[in-house]
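The exercises below are meant to be worked with the sequence and the three-dimensional model open side by side. Each task is followed by a solution that goes step by step.

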Amino acid sequence: MSDAERRTRILAVNAEHPEPDRIAEAARLIRAGRLVAFPTETVYGLGANALDAEAVRGIFAAKERPANDPLIVHLADVEALPPLVAELPPQVERLAEAFWPGPLTLVLPRSAAIPDEVTAGGPTVALRIPAHPVARALIRAADRPIAAPSANRFGRLSPTRAEDVLADLGGRIDLILDGGPTPVGVESTVLSLVAPVPTILRPGGISREALEAVLGQIVVRHRAVKAEEIALSPGTLPQHYAPRTPLRLLLGADEAILAAMRRVVLEAAARDRRIGLLVAEEDLPALRNLPAVIEVAGSLRDPRGVARQLYAALRRLDGAGVERILARDFGERGLGLAIRDRLSRAAGGDVVEVKR
Ligand code: TXA
Ligand code: MG
């Protein structure tokens with residue numbers, strides 16, 4: 001453990017029934033304007049009092065995040081919402097009923113109660129009520145809305161375990177509440193209710209299909225490459241959530257993806273280099289005896305399971321000393337869309353459709 005890591009305390013908490021004294025200690029830090037990382041059902045968040053502009057600036061400093069990238073404000077219940085918004089569009093009640101607490105973030109017109117630091121000076125605010133018992137207990141005990149981005153350095157993979165937070169932010173924050181691995185594993189779905197038609201700005205833990213079942217037609221905004229859109233929501237930067245190792249996302253038929261993986265692995269092995277593969281368990285028979293570092297993210301039949309494993313598997317591959325990572329696509333149904341989004345960002349746009 002480095003010196004830097006020693007200055008951040010880690011406090012273990014029971015994920016289902018968090019110990020009130022430990023939560024109270026974390027809540028005192030939040031009220032004092034300090035930074036506390038905590039588990040949500042999606043990924044670990046880096047929390048600060050959302051109504052304290054100075055504390056919120058601390059989040060940007062710790063993450064080295066550009067100030068034009070707005071933060072999500074986390075609430076304990078819907079009663080906390082009205083003072084923070086200028087207007088409550090009619091869909092909010094139905095969405096809250098169906099998906100809160102849970103991995104859905106709503107972008108709404110902001111009220112003056114929210115500091116400019118949170119919204120990057122914009123006219124809207126992103127809000128969500130997380131489902132994780134530790135997150136809920138912390139927000140309740142702090143008795144304040146908590147602004148929290150994912151608890152990673154800007155541009156790195158999101159953390160799904162306390163040790164991932166420590167590796168990125170050790171020495172830069174006061175406390176990490178360690179509630180074990182996060183159950184959803186990818187970030188919340190960000191849904192804008194400011195646009196004329198509800199628009200998914202970032203696919204995530206609530207599927208497009210589930211939202212459509214409640215709202216009818218919605219729009220999925222595709223990854224931005226234009227500068228003005230990046231300014232609107234920098235989570236849409238092509239290179240976000242990126243490992244250090246170059247990654248390529250392979251789309252196409254299973255056999256074509258597997259043939260491409262075999263080809264690249266053998267070509268690298270001939271040069272004494274290793275390739276990392278992110279695959280499904282169904283792929284394993286076809287990859288037997290290949291000289292590659294293989295991480296199984298889960299089954300093609302279970303995108304939820306894949307989402308849960310995704311970031312930890314990518315972190316392991318990133319640390320394996322491979323020349324390149326090849327990741328397979330997991331489709332677009334359910335959480336598949338969020339997985340594809342994160343992998344194509346990790347690929348920095350290096351997405352290849354392979355043909356037989
Ligand atoms: O699951 C999650 O959403 C996690 C946990 C900690 O809650 N948080 C998270 O925060 O992923 P962050 O900051 O890493 O990503 C928030 C995304 C960014 O893409 C940001 O640009 C977008 O939400 N966002 C925040 N406020 C916005 C706003 N007012 N309008 C449009 N996009 C916004
Ligand atoms: Mg993030």
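**Exercise 1. The surroundings of a strand residue**

Leaving aside its neighbours within four places in sequence, which residues is valine 73 in contact with?

Solution. The model is a predicted one, and every value used here is computed from it. Begin by locating the residue: valine 73 belongs to strand S4, which covers residues 72–74. Next, list the partners that remain once the sequence neighbours within four places are set aside, namely Ala50, Leu84, Ile114, Val118, Val125, Ala126, Leu127, Arg128, Pro145, Ile146 and Ala147. Then turn to accessibility: the relative accessible area of valine 73 is 0%, and because the limit for a buried residue is under 20%, valine 73 counts as buried. Finally, consider a pair separated along the chain: valine 73 and threonine 105 lie 32 residues apart in sequence, while their C-alpha atoms are 8.9 Å apart in space.

**Exercise 2. A strand and its two partners**

Determine how strand S5 pairs with S9 and with S6, and state how many of its residues are buried.

Solution. Take the burial first: 6 of the 6 residues of S5 (residues 104–109) are buried, so this strand is largely enclosed by the rest of the structure. On the side of strand S9 (residues 189–192), the pairing is parallel and extends over 4 bridges, with valine 107 having serine 192 in S9 as its bridge partner. With strand S6 (residues 124–128), S5 runs antiparallel, and 4 bridges join the two; here leucine 106 has leucine 127 in S6 as its bridge partner.

**Exercise 3. The contact of H2 with H6**

Describe the geometry with which helix H2 packs on helix H6, and then classify the residues that meet there.

Solution. The axes of H2 (residues 20–31) and H6 (residues 133–142) are 8 Å apart, and the helices pack at an angle of about 55 degrees. Since angles from 65 to 115 degrees would count as roughly perpendicular and those under 35 as roughly parallel, the two helices are therefore oblique to each other. The crossing in which H2 passes H6 is right-handed. From H2, the residues Ile23, Ala26, Ala27, Ile30 and Arg31 take part, and they meet Val134, Ala137, Leu138, Ala141 and Ala142 of H6. Sorted by class, this contact comprises 9 nonpolar residues, no polar ones and 1 charged residue.

**Exercise 4. A parallel sheet and the helices on it**

Work out the strand order of the five-stranded sheet that contains S12, and place helices H10 and H13 on it.

Solution. The sheet is open, its 5 strands follow the order S14-S13-S15-S12-S16, and the pairing is parallel. Its edges are S14 (293–298) and S16 (351–354), each of which pairs on one side only. On average, and with direction ignored, neighbouring strands of this sheet are turned by 25 degrees against each other. For a detailed look at one pair, S13 (residues 275–280) joins S14 in the parallel sense over 5 bridges, and valine 279 stands opposite valine 296 in S14. Now add the helices: H10 (residues 254–270) lies across S12 (247–252), S13, S15 (324–328) and S16, running at about 160 degrees to S13. H13 also packs on the sheet, where it touches S12, S13, S15 and S16, and its direction makes about 135 degrees with that of S12.

**Exercise 5. Helix H13 and its neighbour H12**

How many residues of helix H13 are buried, and how do H12 and H13 cross?

Solution. H13 (residues 336–346) is mostly covered, with 10 of its 11 residues buried; among them are Leu337, Ile339, Asp341, Arg342 and Leu343. Just after this helix, glycine 348 adopts a positive phi of about 55 degrees. As for the neighbour, the axes of H12 (residues 303–318) and H13 come within 9 Å and cross at roughly 20 degrees, which makes H12 roughly parallel to H13. H12 passes H13 in a left-handed crossing. In this contact, Pro303, Val306, Ala307, Leu310, Tyr311 and Leu314 of H12 meet Gly336, Ile339, Arg342 and Leu343 of H13. The residues of the contact divide into 8 nonpolar, 1 polar and 1 charged.

Conventions
Residues are numbered from 1 along each chain as its sequence is written. Chains are lettered from A and ligands numbered from 1 in the order in which they are written. This is a predicted model: local features need pLDDT of at least 70, side-chain atom pairs count only at pLDDT 80 or more; totals for chains, interfaces and linings use all residues. Side-chain values use heavy atoms; hydrogens and water are left out. Axes are lines fitted to C-alpha atoms, for helices over the stretch in contact, and angles run from 0 to 180 degrees between N-to-C directions. Angles under 35 degrees count as roughly parallel, over 145 as roughly antiparallel, 65 to 115 as roughly perpendicular and the rest as oblique. A crossing is left-handed if the near helix is turned anticlockwise from the far one by less than a right angle, and right-handed if clockwise. Contact means heavy atoms within 4.5 Å. Ala, Val, Leu, Ile, Met, Phe, Trp, Tyr, Cys and Pro count as nonpolar, Asp, Glu, Lys and Arg as charged, and the others, Gly among them, as polar. Buried means under 20% relative accessible area, exposed over 50%, partly exposed in between (1.4 Å probe, protein chains only). Two strands pair if DSSP finds at least two bridges between them.
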